[in-house]
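Hi everyone, thanks for coming. I'd like to walk you through a structure that may be new to you, so let's put it up and take a look together.

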Amino acid sequence: MDLKAQVLAELEDLIGVYKKLHANPELSGQEAESCKLIADELEACGIAVTRNFGGHGVVGVLENGDGPTVMVRGDMDALPITEETGVDYASSVKTTDSSGNEVGVMHACGHDIHMTALVGAARVLSKCKGSWKGKVLFVGQPAEEVGAGAKRMLAQGLFEKFGYPDYCLATHVIPQIEASRITVKSGPVMAGIFQLKITVRGVGGHGAIPHECKDPIVLAARIVTSLQTIISREINPLTPAVITIGSIHGGTRANIIPAEIVMEATVRFSDPDTENHILEAVERTCRFEALSMGIPENLLPVVEVDETMRLPATINDSDLVDIVREAAEENIGTENVLEAEMLMVSEDFSLFRTAGSKKIYSCMFFTGATSAKEFNLSREQKSKPPSLHNSRFCPPPEPTIKTAVTVMTGSVLKILR
Ligand code: ZN
């Protein structure tokens, strides 16, 4: 079968699907229309579909004789960002944020491309059943941006109901690469994450009488700088890790020493040992910085892990990476298959790999999402194309979708041939 011709035959219609999804983005947990669109598209391919599974998730099962099971996952949610791309299919959807302010909704992380790739793979695979044997699970996953969707689908019994996959595939767009190319690598490709709330306590009082107080602002400042030495002095420089204090709140007036400061931190890591080390080191640092300032035991800082946003690193298994790389080289050309760099952002795709009792081979590859013209222009100007989560992020539909569908479908075909 001629994969390139099959993808080309679907391309124009897939671009239409993409533009519809792009113009109608839905926030995490609200993906009702996207769910319906994906489910209808899969059903039109003759695939057995379950709707609204684990929130607005979609599960399509395509069975075609004896063989392994491959899961293809596309995430579905958009972001509270007002689109500024200026394209004629731009989103004008608005919503109200948690503070009551009106804000736009935008597919600024390319999940509309991921959904389109899922539909494209379903169309091609359902039309060439003579070229493969086995089972494909098509999973439209909601609520990726808040780290909740994969967890919820798995908790609902995704694999118990539809079968454990032997292989798990996903792609994410990446604007740092031209749209005709992909990158992939073995090992960690996206960081694991946990987030912390640190409540720094002291004894409040008059700003002019500090010796009768315990100043939590000074303590918080010490903790912020000391936490940075965990990465620079305790973690192997060759092991990627990040600690960022993203918010710090406390105090009301210049002459009042407050009783409490609240800080929030995000932590990124690539393996469980580093994760455990950082968590222990944060607790130790907070405790001993407080003790060094004479804070009593009953007022030591409280460190809380936000379990809703805790995910392991996304790990690619080399056996499956080899298959994806081969499939890509055959179908988009060796020169268009590059070695990926690990990203310190996080993904809940990581949860599927470890959800079974036996190993599920897993691979996320990255699909380039910047046109060649814009790529060269930004290179000349020593600038960078708009990043993911930017209001101007605008993948060129044709080459991006073509590349994503071709490599995704080619990889499934290689596993199931
Ligand atoms: Zn994303």
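Let's begin at alanine 143, which counts as buried because its relative accessibility is 8%, below the 20% cut-off. You'll find alanine 143 in the loop between strand S6, residues 134-141, and helix H4, residues 149-155. Its phi is near 50°, a positive value in a residue other than glycine. I should say right away that we are looking at a predicted model.

Now for another loop residue, lysine 382. Phi is near 50° here too, again positive in a residue that is not glycine. Lysine 382 belongs to the loop between helix H10, residues 372-380, and H11. Is lysine 382 buried or exposed? With 78% relative accessibility, it counts as exposed, because the cut-off for that is over 50%.

Next, please turn to helix H1, residues 3-23. Its 21 residues reach 29 Å from first C-alpha to last, close to the 30 Å expected at 1.5 Å a residue. Where is the kink in H1 centred? Look at leucine 11: the kink there is about 50°.

Several residues of H1 are buried, among them Leu3, Val7, Leu11, Leu14 and Tyr18. A general reminder may help as you look: an α-helix has 3.6 residues a turn, so residues three or four places apart point the same way. As for partners, the buried residues of H1 pack against helix H2 (32-44), helix H3 (111-127), helix H8 (318-332) and helix H11 (397-416).

One residue to follow from there is threonine 406, which sits in helix H11. Threonine 406 touches Leu3 and Val7, as well as Asn331 and Ile332, leaving aside residues up to four places away in sequence. It counts as buried because its relative accessible area is 4%, under the 20% limit. Threonine 406 also lies 8.6 Å from alanine 117, C-alpha to C-alpha, although 289 residues separate the two in sequence.

Finally, let's visit the largest pocket, which holds about 470 Å³ of space. Its lining has 22 residues, and those nearest the centre are Cys109, Glu145, Val345, Ser346 and His389. Strand S7 (167-178) and strand S15 (302-311) are the elements that give two or more residues to that lining. Which element provides the largest share? That would be S7, with four residues. By type, the lining divides into 11 nonpolar, six polar and five charged residues.

That's my tour, and thanks for listening!

Terms used. Residues are numbered from 1 along each chain as its sequence is written. This is a predicted model: local features need pLDDT of at least 70, side-chain atom pairs count only at pLDDT 80 or more; totals for chains, interfaces and linings use all residues. Side-chain values use heavy atoms; hydrogens and water are left out. On a 1 Å grid over the protein atoms alone, a cavity is a set of points where a 1.4 Å probe fits but cannot get out, and a pocket is an open set with protein on both sides within 12 Å along at least five of seven lines; lining residues have an atom within 4 Å of a point. Grid points are joined across faces, edges and corners, and a volume is the space filled by probe spheres set on the points. Ala, Val, Leu, Ile, Met, Phe, Trp, Tyr, Cys and Pro count as nonpolar, Asp, Glu, Lys and Arg as charged, and the others, Gly among them, as polar. The expected span of a helix is 1.5 Å times one less than its number of residues. The bend at a residue is the angle between axes fitted to the seven residues ending there and the seven starting there. Buried means under 20% relative accessible area, exposed over 50%, partly exposed in between (1.4 Å probe, protein chains only). Contact means heavy atoms within 4.5 Å.
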